[in-house]
Amino acid sequence: MVTPKEAIFIAMKIYTKTGDKGQTSLLGGTRLQKNHIRIEAYGTVDELNSFMGVLRDSYKDETLNVLWVDIQDRLFTLGSILAAAGETKKFKLPEIAESDITVLENAIDAMNNELEPMRSFILPGGNIAASWAHVCRTVCRRAERRCVELAASEEVPELVIKYLNRLSDYFFVLSRFISKKQGSVDTPWKPKV
């Protein structure tokens, strides 16, 4: 039996041709150029979510996977909030909460407790999964920068930026944690002077 919600997706065409001239619609129907900073912001969040899928596929860990699926859900929530363009009262959208940030902070602390203290900057790498965590970190930082840029001229909930900031920290610690679990060693940056 198909629910009404599922029926919407079954009936929805993948191609609408409405974006053929370089515009797209926000959730409220407002049309924007595809290079608008709002589209860049939620598009970068979507890119991060895709890289998280690659990370999940490259490193199998049941405990981490539960958190990663939750993070991917939160990223869809962020994208929805950004695509609603301040018209969130018109839609029943999920929300980002302080508790979502606390979950990340607790995970960071738990991983850090198993790691040696850092004594220098480290070079991204170590193994494939750790490298994907670094890619997620850098894409997350870009998503954060896009949201900060958008917030300079339009409303962006503070928790969106705060969540992305903490998430990039999470990915950094995660990269070191995965390296350790897979027997890799951090490569310190030794600047040539």
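## Asp-73, Arg-74 and Asp-100

Let's start with Asp-73, which is partly exposed because its relative accessibility is 39%. In this predicted model, Asp-73 pairs up with Arg-74 in a salt bridge, and their closest N and O atoms are 2.9 Å apart. Arg-74 itself is tucked away: a relative accessible area of 8% makes Arg-74 buried. So one partner is partly exposed, while the other is buried.

The story doesn't stop with two residues. Asp-73, Arg-74 and Asp-100 belong to one network, held together by salt bridges that share partners. Asp-100 sits in helix H4 and is buried, at 14% relative accessible area. Its side chain makes a polar contact of 3.2 Å with the side chain of Arg-74. Setting aside neighbours within four places in sequence, Asp-100 touches Arg-74, Glu-95 and Tyr-163. If you go looking for Asp-70 as well, its C-alpha is 9.3 Å from that of Asp-100, although the two residues are 30 apart in sequence.

## Salt bridges across the chain

Why might such pairs turn up at all? Side chains of opposite charge can pair when their charged atoms come close. In this model the count comes to 11 salt bridges.

One of them joins the side chains of Glu-40 and Arg-146, with an N to O distance of 3.9 Å. This pair ties together distant parts of the chain: Glu-40 belongs to helix H2 (residues 37-58) and Arg-146 to helix H5 (residues 128-151), and 106 residues separate them. Glu-40 is partly exposed at 33% relative accessibility, and Arg-146 is partly exposed too, with a relative accessible area of 23%.

Glu-114 and Lys-181 form another salt bridge through their side chains, at 3.1 Å from N to O. Here, too, distant parts of the chain are linked, with the two residues 67 apart: Glu-114 is in the loop between helix H4 (98-112) and strand S3 (122-123), while Lys-181 is in helix H6 (residues 158-181). Glu-114 counts as partly exposed, with 37% relative accessibility. Lys-181 also counts as partly exposed, at 46%.

## A closer look at Arg-176

Arg-176 is another residue of helix H6. Is Arg-176 buried or exposed? With a relative accessible area of 8%, Arg-176 is buried.

A polar atom of the Arg-176 side chain lies 2.8 Å from the backbone oxygen of Glu-116. There's plenty else to find around Arg-176: leaving out residues up to four places away in sequence, its contacts are Asn-112, Leu-115, Glu-116, Pro-117, Met-118, Ile-122 and Asp-186.

## H4 alongside H6

Now for the helices. Two packed helices are described by the angle between their axes and the distance between the axes. For H4 and H6, the angle is about 20° and the axes are 9 Å apart. That angle is why H4 counts as roughly parallel to H6, and the crossing between H4 and H6 is left-handed.

Some names from earlier come back here. On the H4 side, the residues making the contact include Asp-100, Leu-104, Ile-108 and Asn-112, and on the H6 side they include Tyr-163, Tyr-170, Val-173 and Arg-176. Asp-100 touches Tyr-163, and Arg-176 touches Asn-112, so you can trace both pairs within the contact between H4 and H6.

## H2 and its two partners

H2 packs against H3 and also comes up to H5. With helix H3 (residues 62-84), the packing angle is about 165° and the axes are 9 Å apart. H2 and H3 are therefore roughly antiparallel, and H2 passes H3 in a left-handed crossing. Among the residues that meet here are Tyr-42, Val-45, Leu-48 and Met-52 from H2, with Trp-68, Gln-72, Leu-75 and Phe-76 from H3.

How do H2 and H5 cross, and how far apart are their axes? The axes come within 9 Å and cross at roughly 165°. H2 and H5 are therefore roughly antiparallel to each other, and their crossing is left-handed. Remember Glu-40 and Arg-146? Their salt bridge runs between these two helices, with Glu-40 in H2 and Arg-146 in H5.

Definitions and conventions: Residues numbered from 1 in each chain as written. Predicted model: local features only at pLDDT ≥ 70, side-chain atom pairs only at ≥ 80, totals over all residues. Heavy atoms only, no water. Salt bridge = Lys/Arg side-chain N within 4 Å of Asp/Glu carboxyl O. Helix = DSSP H or I, 4+ residues; strand = E, 2+ residues; numbered from the N terminus. Buried < 20%, exposed > 50% of the residue type's maximum accessible area, 1.4 Å probe, protein only. Polar contact = N/O pair within 3.5 Å; in protein donor to acceptor, adjacent residues only side chain to side chain. Contact = heavy atoms within 4.5 Å. Axes fitted to C-alpha atoms, helices over the stretch in contact; angles between N-to-C directions. Parallel < 35°, antiparallel > 145°, perpendicular 65-115°, else oblique. Left-handed = near helix turned anticlockwise from the far one by under 90°.
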